[in-house]
Every structure is written in C-alpha cells, then in structure tokens.
Amino acid sequence: MKFEKRLLKGKLIKRYKRFFIDVRIDNKDVTAHCPNTGSMLGLLEKGNDVWVKKNDDPKRKLKYTLELIKVNKSLVGINTHRANKIVFEALNNKKIKELNNVDKILPESFFDKETRFDFLLLKGKAKIFLEVKNVTLAPLKKIAAFPDAVTERGNKHLNKLGEAMKKGFLSYILFLVQRENINSFQIAKNIDPNYFETFRKIKKMGVKILCYGCTLSSKEIKVNNPIKIL
C-alpha cells in the first residue's frame, strides 16, 4: 500500500483527547488528526520522529494526519484505517499463504444485522470470514502484543467469529503487526484478561489465528512474513 502523497517528517509533542496530536514540522507546531483509538502504549514519548500526511481539502478542520512513529529505531504504522487496505493488497497479491487460493474477496461484509467483518472470502463452496486487527504494541523486545487497552468491541468480534463457525462459515482472525523488528506475537493477557480467555475459547472452536508482519517506509507499507504466535 503506497501512500497517496509524500509524508512530512516531524517531532511528536503530545497526544490528547484521543484524536489530536501536536507535531513540530520545520520549527512550526501543527495539530494533526490521530487515526488510532487505542492507547498507543509505548509510542507517545515526546520527541519521537513522526510522519504525517497533509491534506489540502479546504473542508477539513485538521490538515494533517499522523501515519508513522519511530520508536527505538523501529517504524510503527499507527493508522488503523490503513490495516484493511494493506491486507486487501496482500490477499490480492497472494502474500498470505493460508488464504492465497480464494476466488473472491469481498470487503466489509455483514454476518448479521449487528456485526460486519473486514472481509468475506469465497473459495469454491466455502465462505470465509476474516477479521483484521492492527497491532502496534511491543511490551518486550521483538515481541508484539494485542490489545493495547481493554477492548469490548474486539471481544465481541471474537465471539462472533465463533458464532460464524457454528453456522458453517470458516473463520479467521489476522493480527497485522505494523511494526518493524518483531519476530513473535502474543495476546496481552495482563491488559485484557477477558479478551485472552475469549481468544482461547474461539481457538479451541476452530477459528484460525494468523499473524503477519509488515515492511514499513515513508513511501509504503506492505505485508511481508508470518510471525510466530506464542
């Protein structure tokens, strides 16, 4: 997934009210939109290098959007809205080996009136729901983790993937690690024990668990290799 425009490099000042982040670019302080509702734990140290996208649409209140942060010499993709685009490109380019023979890829597909999964994949007569989770937390060296805050919505998605299995669908969840220098992944039990227990339950039911890493730069982000799940 290539960025539509050249990103501008700056320095992080602070994040506040979840959706706002102050950045210094060329000795000028600007307020950017922060497209990540998570805690962004471990990413928000003042002075971190950041990259933002500028939007010249006169209707936009905030002209900048945060895309990347550098932490401990590793780039991190924080825009959760990018995750599905990255995975969609990877599916089309057959970069996700467990799902490289599907016949059709349908983004944003409803399971029931209340639940929509990120993808519905068709493979012969099989129907496969795929939910994508963006991962930025790395509490230990080279180990990524999810979630970075308690997530009732994420817990609901796990349960619904289990329900889909009971109704004859195949169910997958893909943890997309948008962070460099990671070689393994785990569920953050200490942050959300309920999510951890639901994860264990749906795994026993047969929901397939995938984790893939990314190659990141200020020009593009793309899926590279599978990551070991601890």
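## A hairpin to start with

In the hairpin made by β2 and β3, two residues sit between the strands, and aspartate 26 takes a positive phi near 50° there. Keep in mind as you look around that this is a predicted model.

The two arms of this hairpin, β2 (residues 20-25) and β3 (residues 28-33), run antiparallel and are joined by six bridges. To find one of them, start at aspartate 22: its bridge partner in β3 is threonine 31. Strand β3 also pairs with β5 (residues 64-71), this time parallel, through two bridges. Here alanine 32 has tyrosine 64 in β5 as its bridge partner.

## The whole chain

Let's zoom out. The chain's secondary structure adds up to three helices and 16 strands. Its C-alpha atoms fill a box of roughly 55 × 35 × 35 Å along the principal axes. How does the radius of gyration fit with a compact globule? For 230 residues, such a globule would have a radius near 17 Å, and the chain has 18 Å, which agrees.

Of the 230 residues, 49% count as buried. Among contacts with a separation of 6 or more, 62% come from residues 24 or more positions apart. The accessible surface is about 12400 Å², and carbon and sulfur atoms make up 49% of that surface. As for charges, the chain has 49 positive and 24 negative ones, and the mean positions of the two groups are 2 Å apart.

## A sheet with four strands

Now follow the strands β10-β11-β13-β16, which in that order form an open sheet with mixed pairing. Why do β10 (137-140) and β16 (228-229) each have one side without a neighbour in the sheet? They stand at the edges, each with a single partner strand, so there is nothing in the sheet beside the other side.

Further in, β11 (residues 143-146) and β13 (residues 184-187) run parallel, with four bridges joining them. One pair to look for is alanine 145 and its bridge partner in β13, glutamine 186. While you're tracing strands, here's a handy rule: in a regular strand, side chains alternate between the two faces of the sheet.

## Backbone oddities

Go along to phenylalanine 146 and you'll meet a cis peptide bond, which joins this residue to proline 147 with omega at about 0°. Proline 147 itself is in the loop between β11 and α2 (152-166).

Two loop residues also have a positive phi without being glycines. Lysine 94 has a phi of about 55° and lies in the loop between α1 (83-92) and β7 (104-110). Asparagine 181 has a phi of about 60°, and its loop runs between β12 (170-177) and β13. Is asparagine 181 buried, exposed or partly exposed? With a relative accessible area of 48%, asparagine 181 is partly exposed, as the exposed class needs over 50%.

## Arginine 82, tucked away

Arginine 82 is in the loop between β6 (74-77) and α1. Its relative accessibility is 4%, so this arginine counts as buried, given that the cut-off for buried is under 20%.

Which residues does arginine 82 touch, leaving aside neighbours within four places in sequence? Its contacts are Met1, Phe3, Glu4, Lys53 and Glu67. Leucine 210, for its part, is 128 residues away from arginine 82 in sequence and 18 Å away in space, C-alpha to C-alpha.

Terms used
Residues numbered from 1 in each chain as written. Predicted model: local features only at pLDDT ≥ 70, side-chain atom pairs only at ≥ 80, totals over all residues. Heavy atoms only, no water. Pairing = 2+ DSSP bridges. Rg over C-alpha atoms; globule rule 2.2 N^0.38 Å. Buried < 20%, exposed > 50% of the residue type's maximum accessible area, 1.4 Å probe, protein only. Contact = heavy atoms within 4.5 Å. Areas by Shrake-Rupley, 256 points an atom, 1.4 Å probe, with all protein chains shown as cover. Lys, Arg positive; Asp, Glu negative; His and termini not counted. Charge placed at Lys NZ, Arg CZ, Asp CG, Glu CD.
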